[in-house]
Each structure stands twice: as C-alpha cells, then as structure tokens.
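Please look through the sequence and the model below before reading on. The paragraphs that follow lead from one pair of residues outward to the surrounding architecture.

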Amino acid sequence: MKLRALILLVTVVALAIYAGLEFRASRIDEPLYPSASLSKVMRLSEFDASLKNSRADTEIYEFGRQDGGATVLVLGGTHCDEPASYIAAYLLIENIALDHGRVLIVPRANRSALSHTTIGEAHPATFDIPLKRSVRSFRMGSRYTNPLDQWPDPEVFVHVPSGQELSGADSRNLNRSYPGAADGNFTGRIANAITELVKRERVDLVVDLHEASPEYPVINAIVAHERAMECASIAVLDLQLEGLEFALEPSPPNFHGLSHRELGDHTATHATLMESANVSQGRLRGRTNADLVVSGLDSMYVRAARINMTRVPYDEQGIPLKVRVGRHLAGFAKLVNAFSQLNPEIAPALSGIPTYDELLQNDLGAYLDPHDHP
Ligand SMILES: [Zn+2]
C-alpha cells in the first residue's frame with residue numbers, strides 16, 4: 001500500500017515538473033541572431049509605458065539609420081497561430097542588409113499571444129525547422145492575447161473610437177484593436193504602442209504579415225489602405241510578372257480596428273497587410289500537429305480543393321511554410337521596390353533577402369542557421 005502511494009506520488013510530481021517546464025518554456029522567447037546591419041533595439045514599452053514589464057513588451061529591431069531614406073516597418077506575430085508571419089520576420093532580422101534608409105521589425109507584435117495556444121485548436125506548442133546539422137524549434141501561439149493578461153472577455157467588444165461591435169474574444173485580437181488608446185485594455189495598449197511607433201518614428205510604409213485558412217476569401221493577397229493603393233498595385237503586378245499570384249484588396253473603409261485601416265487613417269503612413277494560406281488554421285483540416293504547420297499538407301484540403309472549397313490552388317504538394325514565408329518576403333521586397341519607384345528621393349537600399357526561388361531551393365534552414373552568423 002505504501003509502495004503504491006509512493007509510486008503515485010512520484011508520478012504526480014514528475015508530471016507536475018514536466019507540465020511546469022512546458023508552461024515555462026511557452027513564455028521564453030526564442031533567441032534571434034540579428035544581421036550586421038542592426039543599429040539598435042528598442043522596446044514597445046518606449047511607446048506605451050504601461051506595457052513595461054508586461055508580457056506584451058517586446059523588441060523593435062532597427063536596421064539602418066535615419067539618414068534621409070524612408071522608414072519601413074514590418075509586423076510579424078500579430079496573430080501567433082500564423083507562423084509564416086513571424087518566421088518571415090525572424091528571417092528578415094537575421095539576413096537583411098541596409099545601405100540606405102531604415103527597416104524596423106517587430107517580430108512578436110503581440111508577444112502575449114505567443115505565450116499560449118488557443119484552447120480547442122489542438123495546435124502544437126512548438127514546431128521544428130531543420131538546419132544543416134540540427135533543428136531549430138519555434139513556438140506556435142494563438143490568435144489572441146493570453147487571457148492571463150486580459151480577462152474576462154466582454155459579451156460584446158466595442159471598438160474605440162468607431163463604436164463598431166464585435167464578438168467579445170476580439171477584445172484580445174490585436175488586429176481589431178487599432179489605433180488603440182493609452183487608457184484602453186491590454187490589447188488596445190499594444191495597438192496604441194504600435195500606432196505611436198509609426199507616428200514618432202515617421203514610418204513611411206507598414207507591412208503587416210498574416211496568414212489565413214485556404215477557404216478564407218482574402219488570401220494570397222496584399223490589402224492596402226487608399227494611400228498605399230498605388231504602391232500595392234505596382235507590387236502586385238510585379239509579383240504576377242514573376243509568376244506569384246497575389247490579389248489586390250482595398251482596405252474596407254467601414255471595417256474598423258485593422259492595421260491597414262487605422263494606421264492609414266490615424267497616421268501619415270502607407271499601410272499594407274499580406275495574407276498567405278495556412279492549412280493549420282483552416283476549419284476543414286484533419287490531424288493537427290507540428291508536421292502540418294511546416295509541411296502545410298493536409299489530405300482533407302486536397303479533397304476540399306477538388307470540389308472548389310478553397311480559395312487558393314491546393315494539391316498533394318501542400319502549401320509548406322517555406323512557400324508562405326517566401327511569398328511574404330517576395331511581397332515585402334516588391335512593396336519596398338514599388339514605394340521606391342514612387343518616391344525615388346527617399347528610396348531605401350536593402351539587400352540580403354533571399355528571393356522566392358532561392359528560398360524554395362535552399363529551404364528555410366539555410367537562412368535561419370545560427371552557426372552561419374558571426
Ligand atoms: Zn492574421
């Protein structure tokens with residue numbers, strides 16, 4: 001009897017330690033290895049002091065300098081169940097080179113959302129990207145701010161200042177919370193910090209990276225605020241000329257809280273957003289695990305595509321993470337090019353970003369290997 005109690009006790013303690021370590025790991029940021037063009041690291045709390053020491057306080061990586069060239073802001077990890085959004089940002093951080101102008105990158109725009117997964121989605125806590133001799137592990141997060149940081153959800157989320165009503169859970173959705181306010185809820189203050197960053201750092205072009213399920217109507221697309229429409233049109237044409245199908249979507253004027261709408265309306269920037277197709281978010285998917293996140297291959301979606309239930313081409317190749325990251329990097333490069341064509345006097349000069357074909361050929365690990373960095 002005593003032995004059974006002892007075995008039970010040891011088992012319970014072991015499980016508690018295991019669960020505790022997993023829980024702790026979900027809150028520790030993966031190390032990043034910025035390129036030699038890094039000039040400084042700022043924090044979001046410098047733009048909204050209430051975020052200091054909170055789980056939303058996070059790095060803003062600055063590459064290049066304010067030297068008369070344009071400033072471009074990249075947002076990854078607004079929704080942390082959209083891994084191409086932050087892996088593309090990490091890859092930029094580790095490879096970008098700047099000769100003129102400035103690129104600011106916030107890879108974990110909602111860092112709180114990266115500290116948990118969404119209950120009921122069966123998402124893995126982490127997924128691995130293979131390197132030459134090892135693997136590099138990354139966390140999978142949630143669409144929403146961690147409820148430990150903002151709870152409970154209201155019945156109805158009333159967006160400020162428009163008064164638009166959305167479901168209560170969207171009160172923890174960063175991309176429904178722009179422009180945000182200094183006296184807003186936790187997620188609204190993250191939005192406020194980013195809006196302040198755009199204003200104070202005089203950001204000329206914003207590229208907000210996202211993914212969506214393959215059946216979602218706005219997919220493989222660049223969404224643009226009116227001011228950014230000319231720039232986005234040129235970028236989409238350039239992408240199509242290179243064989244990458246992108247749709248051009250105008251930011252709906254009456255749908256509030258989204259980065260492209262509110263950063264466009266409340267600041268002087270050119271606000272854009274990109275979407276790639278991620279089956280691990282999709283409602284039609286089957287077994288959900290770390291492999292699905294990276295391979296993007298789901299047999300249920302192969303069947304769904306056959307009966308035209310997806311908005312993107314989908315076959316036995318799946319839509320792997322490297323394709324989604326490649327599309328984001330290509331879209332980013334073309335947006336910067338288009339902005340430069342329209343504003344040649346402040347055109348930034350950047351390099352080091354792999355092309356779509358290079359990324360497909362060499363795979364993500366070739367650009368995310370810490371041993372390749374000084
Ligand atoms: Zn998103």
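**From one strand to the metal site**

Gly64 stands opposite Arg102 in strand S5, and this pair is a convenient place to enter the structure, which is a predicted model. The two residues belong to a wider pairing, since four bridges join strand S2 (residues 59-64) to S5, and these two strands run antiparallel. S5 also pairs with S3, here in the parallel sense and over five bridges, and within that pairing Val72 stands opposite Val103 in S5. In general, the strands of a sheet pair through backbone hydrogen bonds, and they may do so either parallel or antiparallel.

Strand S5 itself, which spans residues 102-106, is mostly covered, with five of its five residues buried. In a regular strand the side chains alternate between the two faces of the sheet. Here Arg102, Leu104 and Val106 point one way from S5, whereas Val103 and Ile105 point the other way, and all are buried.

Seen as a whole, these strands belong to an open sheet of eight strands with mixed pairing, in the order S1-S2-S5-S3-S10-S13-S11-S12. Its edges are formed by strand S1 (38-43) and strand S12 (247-250), each of which pairs on one side only. Neighbouring strands of this sheet are turned against each other by 20 degrees on average, with direction ignored. Following the order past S5 and S3 leads to S10, and S3 pairs with S10 in the parallel sense over four bridges, where Asp208 in S10 is the bridge partner of Leu75.

Two helices lie across parts of this sheet. Helix H4 (residues 229-241) lies across strand S11 (221-224) and S12, running at about 165 degrees to S12, while helix H5 (residues 259-266) lies across S10, S11 and strand S13 (270-277), running at about 170 degrees to S13.

S10 also leads to the metal site. The zinc ion is coordinated by ND1 of His79, by two OE atoms of Glu82 and by ND1 of His210, at 2.1 to 2.4 Å. The four donor atoms subtend angles of 57 to 151 degrees around the zinc ion, and the arrangement is therefore irregular. In sequence, the donor residues follow the spacing H-x2-E-x127-H. Glu82 lies in the loop between strand S3 (71-75) and helix H2 (83-95), and His210 lies in strand S10 (residues 205-212), so the pair ties together parts that are 128 residues apart in sequence. Both Glu82 and His210 are buried.

How values were computed: Residues are numbered from 1 along each chain as its sequence is written. This is a predicted model: local features need pLDDT of at least 70, side-chain atom pairs count only at pLDDT 80 or more; totals for chains, interfaces and linings use all residues. Side-chain values use heavy atoms; hydrogens and water are left out. Donors are N, O and S atoms within 2.8 Å of the metal (3.2 Å for Na, K and Ca); water is not among the atoms, so sites may look incomplete. Four donors count as tetrahedral if all angles lie between 85 and 135 degrees; four count as square planar and six as octahedral if opposite donors are over 155 degrees apart and all others between 65 and 115; anything else is irregular. Buried means under 20% relative accessible area, exposed over 50%, partly exposed in between (1.4 Å probe, protein chains only). Two strands pair if DSSP finds at least two bridges between them. Axes are lines fitted to C-alpha atoms, for helices over the stretch in contact, and angles run from 0 to 180 degrees between N-to-C directions. Contact means heavy atoms within 4.5 Å.
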